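The following exercises concern a predicted model. Please examine the sequence and structure before working through each solution.

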Amino acid sequence: MSSRKSGEISIKGLPGSEGIAIGTILVLDKKKRKVQPKKIKSDAILAHLKRYAKSKEKFLIELDELAINLDQKTVGILETQKHIASDIEIEKRVNSCIEIELYSVDYSIYKVFNEFIERLKESGSELFQQRIIDIENIRDRLIDLSCEDEQKLEIEKGAILIVKDISPTDLVAFYEKGVKGLVMDKGGVTSHAAIIAHSLDIPCLVSSKIAVDSASEAKKAILDANKGELFLNPTKQRLDEYKKEIRRLKRVKKARVGLQQPSQTKDGVDFHLRANIEFVQELQAAKDYGAEGVGLLRTEALLYGGIAQKSEVEQIKFYENVLSQTDGPVVIRLFDVGGDKLNTHTPDEANPFLGWRGIRMLLDEDEMFEGQLRSILKSAGKYPGQVRILVPMISLLEEVHQVKKRITKIQKGLKKEGLAIDESIPLGIMIEVPSAALLADHFAKEVDFFSIGTNDLTQYALAVDRGNEQICTLYQQHHPSVWKLIELANKAAKENEIEISICGELAGDEIGAACLIGMGITDLSMSPSNIPKVKEALVNRSLEELQAFSKAVFTCSTSNEIKAVFKKMGLANNSPD
Ligand code: PEP
Ligand code: MG
């Protein structure tokens with residue numbers, strides 16, 4: 001949806017991460033380059049050989065520069081890309097394609113890399129299959145660099161990035177280069193890039209559908225991710241209004257962050273607000289907003305770039321980096337590959353969200369699974385009492401049994417090696433599949449804690465793909481059916497005296513947090529930038545008010561009714577967001 005007003009174009013989307021940004025525009029419209037089999041004359045051979053050599057040189061420099069700008073954990077991925085790009089066999093083949101077969105440099109690269117990819121496909125190995133996408137990326141980048149029409153991407157500090165879709169790693173790289181806002185034509189509010197944008201505390205609009213196509217001619221934009229609107233070429237009047245609004249929001253935010261009082265309701269009931277993070281860069285925001293530890297450490301970033309298994313040394317470095325910088329617990333979630341996370345690295349599936357995801361994949365990939373467990377358990381030995389292990393996508397009890405067996409086996413091995421271990425490291429499961437919520441009373445007897453992943457629980461309960469912009473209005477995290485599943489898990493946790501927390505986006509929203517505390521779930525983990533508003537909402541209410549609200553929620557039959565009750569009970573703040 002778009003509308004025009006004196007050269008200004010307004011495009012609607014959904015708020016994926018709150019905030020407002022004014023900036024220049026950076027549009028990334030990745031269209032695949034078409035590479036045709038082109039023959040060259042023999043007097044052009046030298047020029048094409050040089051172009052290939054130059055493209056490799058540029059690519060390796062690019063990777064080195066990226067390694068400086070990014071954090072430690074991506075460096076290993078880049079090293080592997082360097083090895084592939086400078087592989088002697090590949091180099092010989094490309095050079096011979098140019099010299100002997102007289103193909104152009106771009107086609108020679110294309111042909112040789114494709115032959116390599118075909119060999120990997122034939123190998124039948126799952127792990128090799130997962131590397132194919134990376135090799136394709138290296139191939140395409142080398143082709144781009146070898147072509148003279150390569151456009152240099154200039155990134156201005158404070159630019160608003162407009163894309164169809166973006167991987168979390170690319171988003172972090174753009175953020176580090178100064179991007180201050182994100183607009184995505186695709187995706188829903190809980191799609192992975194939106195969650196990372198939120199964590200990095202930059203505004204993000206999703207499901208804008210036509211922003212990439214509309215923005216090609218525009219120079220400047222206002223991104224209002226509070227209201228869900230992008231203004232291209234804004235009028236002077238609008239710019240002035242928004243500059244004023246940004247100043248006001250800064251004042252409000254400062255006042256909220258300044259909330260020094262303890263995390264207690266008005267009548268003294270303690271609650272805990274923790275951070276969901278994936279990148280070390282997010283720890284600063286977690287500290288600034290007063291998070292009590294990390295309630296969800298997503299670990300998929302260790303696999304970005306396609307190395308199916310990160311070395312233990314590098315994994316340990318990452319975990320210990322987070323642990324040493326965090327006061328309080330760190331809940332490390334095992335690799336949740338599949339669904340919308342790294343789904344380009346799993347085989348083509350008709351229904352990736354219902355497919356080979358999370359624990360299902362880990363139980364099939366011994367090396368990856370045991371490597372991660374060993375790395376976590378070694379780190380936990382050095383930080384006893386601080387680490388908790390969280391297993392994603394549990395849907396069957398047998399999966400828990402398998403995980404426990406593996407942990408026991410690895411703990412024994414580490415002990416034999418004389419390494420320190422945390423004997424009583426807590427093991428928890430994500431309650432994000434309805435079957436786990438429905439059988440929570442059985443699961444509660446097997447584990448130390450539940451962490452409810454409402455992002456997935458919502459999509460599985462309502463049968464709505466969380467990333468599909470076509471049906472995003474049906475993705476309702478306040479839906480009564482979701483609350484019923486949460487209550488089943490809550491009841492089972494309380495009866496079996498195990499801990500329960502929430503790490504889905506529902507916890508970072510005032511309605512969600514208010515109802516959860518009212519239900520007696522007092523451990524909430526969220527994107528760090530949500531902490532101030534949730535804390536403000538909770539410290540100003542008594543438990544009695546919140547209990548009355550949650551009681552009312554359970555009489556509602558629609559999400560809108562729940563929102564109306566929240567307002568009617570006077571729980572909505574007059575806050576800007
Ligand atoms: C969830 O599903 O609610 C969750 C926290 O995990 P993720 O968003 O990483 O799937
Ligand atoms: Mg999930």
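**Exercise 1.** Determine whether glutamate 432 and aspartate 456 are buried or exposed, and identify the ion for which they are the protein donors.

*Solution.* Step 1: a residue counts as buried when its relative accessible area is under 20%. Both glutamate 432 and aspartate 456 fall into the buried class. Step 2: Glu432 (OE) and Asp456 (OD) are the protein donors of the magnesium ion (ligand 2), at 2.0 to 2.1 Å from it. Step 3: this pair links distant parts of the chain, 24 residues apart, with glutamate 432 in the loop between strand S14 (427-431) and helix H15 (434-438) and aspartate 456 in helix H17 (residues 454-462).

**Exercise 2.** Identify the residue with which arginine 466 forms a salt bridge, and then the network that includes this pair.

*Solution.* Step 1: arginine 466 pairs with aspartate 456, and their closest N and O atoms are 2.9 Å apart. Step 2: arginine 466 and aspartate 456 are both buried. Step 3: through shared partners, salt bridges join Glu300, Arg333, Asp336, Arg357, Asp456 and Arg466 into one network.

**Exercise 3.** Describe the placement of the salt bridge between lysine 236 and aspartate 240.

*Solution.* Step 1: the closest N and O atoms of lysine 236 and aspartate 240 are 2.8 Å apart. Step 2: because lysine 236 and aspartate 240 are 4 residues apart in helix H9 (residues 236-257), about one helical turn separates them. Step 3: lysine 236 is exposed, at 61% relative accessible area, whereas aspartate 240 is partly exposed, at 34%.

How values were computed
Residues are numbered from 1 along each chain as its sequence is written. Chains are lettered from A and ligands numbered from 1 in the order in which they are written. This is a predicted model: local features need pLDDT of at least 70, side-chain atom pairs count only at pLDDT 80 or more; totals for chains, interfaces and linings use all residues. Side-chain values use heavy atoms; hydrogens and water are left out. Donors are N, O and S atoms within 2.8 Å of the metal (3.2 Å for Na, K and Ca); water is not among the atoms, so sites may look incomplete. Helices (H or I, at least four residues) and strands (E, at least two) are DSSP runs, numbered from the N terminus. Buried means under 20% relative accessible area, exposed over 50%, partly exposed in between (1.4 Å probe, protein chains only). A salt bridge is a side-chain nitrogen of Lys or Arg within 4 Å of a carboxyl oxygen of Asp or Glu.
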